[in-house]
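I opened this notebook to keep track of what I looked up about charged side chains. The entries follow the order in which I checked things.

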Amino acid sequence: MTAVIILIALIGGILLVCLIVAGIFNGLVRLRNQVENAWAQIDVQLKRRCDLIPNLVETVKGYAKHESGTLEKVIQARNMALAAKTVGERAEAENVLSGTLKSLFAVAEKYPDLKANQNFLALQGELSSLESEIQLARRYYNGAARNYNIAVQAFPSNIVASASHFGAADYFQLAESERETPKVSF
């Protein structure tokens, strides 16, 4: 009789451990999927921005023919962003693209006719709106990555994560140049 009770307790304990491990595993899968979903949302917004850039460049070309160096840099940065594969590569390429877009808008400041062009203004407004959406998507992604990384690194889920090959997610970070406070002079 005692052996049966011990056997039932042992089987119950094993089942409990299995249920806990399965729950932790499923939680890690859920968090990993949230990170992947968040990245897909960023990717959609970045693709929309990349699709908008050729129209913006063509509009500027008509007004600023001798600014071809700036326009070429924007197109190169766009192509780098589209070719990036990992989160880190994409973040770096997008930071370069953001910098070249700033130089493109600086060129636009030199041409009053361009600044008044309705097509340019519409494209600039759409790009500004996209930048806000990208910022929100980045925040959501980084939050999802944070939650996932905590689960991957915290005990006891780190044991299940390590055994199941769950790795940490990369954060979408700003370039050092983006961290600097802009200088304003009058």
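The entries below concern salt bridges in this model, which is a predicted one.

Entry one. I began with the general idea that side chains of opposite charge can pair when their charged atoms come close. Counting such pairs here as salt bridges, I arrived at 6.

Entry two. I looked up Arg90 and found that its side chain meets that of Asp43 in a salt bridge, with 2.8 Å from N to O. Arg90 sits in helix H3 (residues 87-109) and Asp43 in helix H1 (residues 2-63), so this pair ties together parts that are 47 residues apart in sequence. I noted that Arg90 counts as buried at 6% relative accessibility, whereas Asp43, at 30%, counts as partly exposed.

Entry three. Staying with Arg90, I found a salt bridge to Glu94 as well, where the closest N and O atoms are 3.0 Å apart. These two residues are 4 apart in helix H3, which means that about one helical turn separates them. Glu94 has a relative accessible area of 0%, and because buried means under 20%, I entered Glu94 as buried.

Entry four. I then asked which residues are linked in a network of salt bridges. The answer I wrote down is Asp43, Arg49, Arg90, Glu94 and Glu131.

Entry five. Turning to helix H1, I recorded that Asp51 and Lys47 lie 4 residues apart there, about one helical turn, and that they form a salt bridge whose closest N and O atoms are 2.7 Å apart. Asp51 is partly exposed at 38%, and Lys47 is partly exposed at 40%.

Definitions and conventions:
Residues are numbered from 1 along each chain as its sequence is written. This is a predicted model: local features need pLDDT of at least 70, side-chain atom pairs count only at pLDDT 80 or more; totals for chains, interfaces and linings use all residues. Side-chain values use heavy atoms; hydrogens and water are left out. Buried means under 20% relative accessible area, exposed over 50%, partly exposed in between (1.4 Å probe, protein chains only).
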